[in-house]
Amino acid sequence: MTVQNPPLLAVRGLTASYRTGDGVLPAVRDVTFDLHAGEVLALVGESAAGKTTVAQAILGLLPQQADIEGDIRYRGTSVQSMSAEELRRVRGEEIAIIFQNALASLTPTLAIGDQLAEVYRAHRGMDQHAAREAALAVLRTVLPDPERIAEAYPFQLSGGMAQRVMIAMATALNPSVIIADEPTSSLDPAVRMETLDKLEDLRNAGAGVLLITHDFGVVARLADRVAVMYAGTVVETGDVRTIFRQPRHPYTFGLLQSLPSIARRGQLVPMRGQPPDLASIGPECPFLPRCSKAISRCRVEDAPGLDAADTGVPDHRVACYNPMSVDRQEAQT
Ligand SMILES: Nc1ncnc2c1ncn2[C@@H]1O[C@H](COP(=O)(O)OP(=O)(O)OP(=O)(O)O)[C@@H](O)[C@H]1O
Ligand code: SF4
Ligand SMILES: [Mg+2]
């Protein structure tokens, strides 16, 4: 697909650390990517890779004990230099997030209709009647019975309903960027499919979608480009077809081979080991203890940075001293 310049979102050298009682935890290290209008970029990786931390950093939502470095720009303007008021406006109107746990991110004491109407009152200056109508209209795009849902409180919703309400809330103001953090992890297959369809519609309508997930099935279904995260860093980026067929980082390759929904029958190979303890991570490649491709260079040098992959595919980059050379021709995307 053709991407346009400049990007909606440009993240450069993002580093985020949490100050904890046990010391500093480097959760995200030197993460760089662009998100363009009309594309889905998937940020993929195992639990604790730093995906949610990246999302929170973009939105200025990291807790006080987090320190960040690097540059995050929305339409060319530094998010870090925005005033609190400007950031609140951008967060509501320009960049929206669908949280990992939809139910917990709704206000428990307010009926759904009132929560949504409040969005229109606060950001669009609508009166009570117009805000209520707008709330019902946006609920109707995700649920068949908006009047009933508008009267309900969050605890009265199923997980799937809450997820749809969250999508309505996130898209109420037609944001340019939607960050979807594990939007389908707790959903049954039918609602999962609907949620992915909805995100696809938003992408087709011109939004840039940052899709955070550990599920390569979701990536295959929706993503245009992929950034694979491991232990706080991006270890491979590329278009979705290349990542599935010609993964070059041993971690990406291992992830794909270990997924029952992706690997072909009989070729399923579970990935050994666990991600490293971030608190004691050294300068060497963080994947070293799990890597079957490690060479002596990996043990003596600092971790490699992202470099052009041997595939020659534009924007296919990998951070590895001894990348894979086998293609996964059988893979489906
Ligand atoms: N508020 C916090 N204080 C201290 N450490 C934190 C905090 N939030 C996250 N972390 C740590 O930062 C690391 C990255 O966490 P993050 O939530 O970004 O991972 P993730 O990739 O989103 O994982 P998951 O797939 O499980 O949601 C983890 O080791 C986590 O324990
Ligand atoms: S740099 Fe070395 S240890 Fe790290 S993934 Fe590549 S081959 Fe493995
Ligand atoms: Mg997360």
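**Notebook: ligand 2, its cavity and helix 10**

I started with ligand 2 and found 13 residues around it, the closest being Cys285, Cys291, Cys298, Cys320 and Tyr321. Note to self: this is a predicted model.

Next I sorted that shell by class. Around ligand 2 I got 10 nonpolar residues, two polar ones and one charged one.

Then I went hunting for holes. Searching the whole structure, I turned up one cavity of 30 Å³ or more. The largest cavity holds about 90 Å³ of space.

So what sits in the largest cavity? I checked, and ligand 2 does.

I also listed what lines the largest cavity. There are 13 lining residues, and Cys285, Cys291, Cys298, Cys320 and Tyr321 lie nearest the centre. I recognised those names, since they are also the closest residues to ligand 2. By class, the cavity lining comes out as 11 nonpolar, one polar and one charged. Cys and Tyr both count as nonpolar here, so I put the five named residues in the nonpolar group.

Last stop was helix 10, residues 250–257. Is helix 10 mostly covered or mostly open? Mostly covered, I noted: eight of its eight residues are buried. I wrote them down as Pro250, Tyr251, Thr252, Phe253, Gly254, Leu255, Leu256 and Gln257. Buried means under 20% relative accessible area.

Which elements do the buried residues of helix 10 pack against? I found two helices, helix 8 (216–222) and helix 9 (240–245), plus strand 9 (225–230) and strand 10 (233–239).

Notes:
Residues numbered from 1 in each chain as written. Chains lettered and ligands numbered in written order. Predicted model: local features only at pLDDT ≥ 70, side-chain atom pairs only at ≥ 80, totals over all residues. Heavy atoms only, no water. Near = heavy atom within 4 Å. 1 Å grid on protein atoms, 1.4 Å probe; cavity = no way out; pocket = protein on both sides within 12 Å on 5 of 7 lines; lining within 4 Å. Sits in = over half its atoms within 2 Å of the grid points. Points joined across faces, edges and corners; volume = space filled by probe spheres on them. Buried < 20%, exposed > 50% of the residue type's maximum accessible area, 1.4 Å probe, protein only. Helix = DSSP H or I, 4+ residues; strand = E, 2+ residues; numbered from the N terminus. Contact = heavy atoms within 4.5 Å.
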